[in-house]
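Trainee: I would like to look closely at one part of this protein, namely its salt bridges. Could you take me through them slowly, saying where the partners sit and how far they are covered?

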Amino acid sequence: MADLLGFTSIAIVSFITLLIAFRCKDISIILYTALVFRIFVILIGHYIAPLPDSTADATTFERQAWIIGQDGFFNVIKLFSSPTLGEYQSPISGFISWFIAIPYSLFGRSILMAQSISMFFGIACVFVGWKLSTKIWDKRAARKVAWTIALFPSLVLYSVLVLREVYVSFFLLVAIYGVYDWAKTESLKSIIIAITGFLGATLFHGSMIVGAIIFTIIVGIIYLKKMLTSLINFRINFKKTIIFLIVLISLQSFISNKIEVTYLGNFKDATNLDYLIERTNISTRGDASWPEWTKIKTNLEFFYKAPLRSIYFVFSPFPWDVKNIKHLIGMFDAFFYTYMSYLILSNIKYIWKDPCLRIILLILLGYIFVFGLGVGNFGTGIRHRSKFVIIFILLSVPLIKKVIFFKKTK
């Protein structure tokens, strides 16, 4: 019965993908490829050999989903806002388990079905990434982005596991879509789309609220400047004034510790150096841990080691960190980030001149800084940086020049 549910779910996701591909001919081959790759990986992991990262957290999330879901659909809905949800979850679990518990409560338990839901969001990332890139860049660049999202190793892997990464990536794309639209139109609708995307990502991982905070601050600063300019000219833009007040109230709520998310805590925690130092030292452990010198032990060390930890987060493991064969997988993954970072730095002037790309870059830097503090080994680093590898891809891949293997002669 579980496998029947699983194959039915795979068939439904395949049917939806085919419908999208039929309507969008420009990306049809890419969608077919993404779908086939992911189904192939799902079946290997389910019937032949366990996939990397398919145990530990993935197993916990799925098991907690079943514990929550077996009491029925209405009980799952009731638990969403109930403090008793904590009784059903481990400290690392949370919204994803509740989310997967909904289909479990309706149809029963099936790991393949849960993985199919992840696969649906993985395919959606390919489509939304392509759609967004056509607006930011052009159709040719958008195809590069779509191909990269479809075939990027960590995105393929986390698109078929019961983990948070693919959900975070999807909602982050929605947020960036809103950011792009706001940079072009400054409409209230675009702000709502952006904040909705950031909050959706935050439901799956609390640290993703950093993007919302950075975007909100940027919106507030720009609208404040325009308000002051209007006042100098004895005019008032009521729309921008209202949006600025909403931004101000939102930021005030966070600064006054009324908003608290997992991992980051509230504003007091996020700005407490002693708290941050303690978190960095706790996270630096295991056989894949970063070197001992990356630990922050004093407030002074925070200011020069925090950037170094950010570098380690993006580019590790380095060759000197490899201690066994499985660490080579991490080094292979880091190579892609190194190349994408090179492309971004090589074109930093162009990116910085574009208002939309500049905001996206600032959001990316904010995530790198925060996760650089919170992560202490490259094993978990591979997972965490895949949450926003989509931004790396959006900023860098369109800048890859076409490789010509054969030059035509006249």
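Mentor: Let us begin with the setting, keeping in mind that this is a predicted model. Among the contacts between residues at least 6 apart in sequence, 72% join residues at least 24 apart. The secondary structure consists of 20 helices and zero strands, and buried residues account for 53% of the 410 residues. The protein exposes about 20500 Å², of which carbon and sulfur atoms supply 70%.

Now to the part you asked about. Side chains of opposite charge can pair when their charged atoms come close. A search of the whole structure finds nine salt bridges, and I will go through some of them, including the one between R383 and D57, whose side chains meet at 2.9 Å, counted from N to O. This pair links distant parts of the chain, since R383 belongs to helix α19 (residues 378-385) and D57 to helix α3 (residues 57-69), 326 residues apart. R383 counts as buried because its relative accessibility is 9%, where buried means under 20%. D57, at 19% relative accessibility, also counts as buried.

Another pair is E186 with K226, whose side chains meet in a salt bridge at 2.7 Å, N to O. E186 lies in the loop between α9 (165-185) and α10 (188-204), while K226 lies in helix α11 (residues 209-232), so this salt bridge ties together parts that are 40 residues apart in sequence. As for cover, E186 is buried at 16% relative accessibility, whereas K226, at 31%, counts as partly exposed.

A further example lies within one helix: the side chains of K305 and E301 meet in a salt bridge at 3.5 Å, again from N to O. Both residues belong to helix α15 (residues 299-315), where they are four residues apart, which is about one turn of the helix. K305 is buried, with a relative accessible area of 10%, and E301 counts as buried at 17% relative accessibility.

Finally, salt bridges can share partners, and here such sharing joins D57, E165, R383 and K387 into one network. When you turn the structure, you might therefore start from the pair of R383 in helix α19 and D57 in helix α3, and then look for E165 and K387, which belong to the network as well.

Notes
Residues numbered from 1 in each chain as written. Predicted model: local features only at pLDDT ≥ 70, side-chain atom pairs only at ≥ 80, totals over all residues. Heavy atoms only, no water. Helix = DSSP H or I, 4+ residues; strand = E, 2+ residues; numbered from the N terminus. Buried < 20%, exposed > 50% of the residue type's maximum accessible area, 1.4 Å probe, protein only. Contact = heavy atoms within 4.5 Å. Areas by Shrake-Rupley, 256 points an atom, 1.4 Å probe, with all protein chains shown as cover. Salt bridge = Lys/Arg side-chain N within 4 Å of Asp/Glu carboxyl O.
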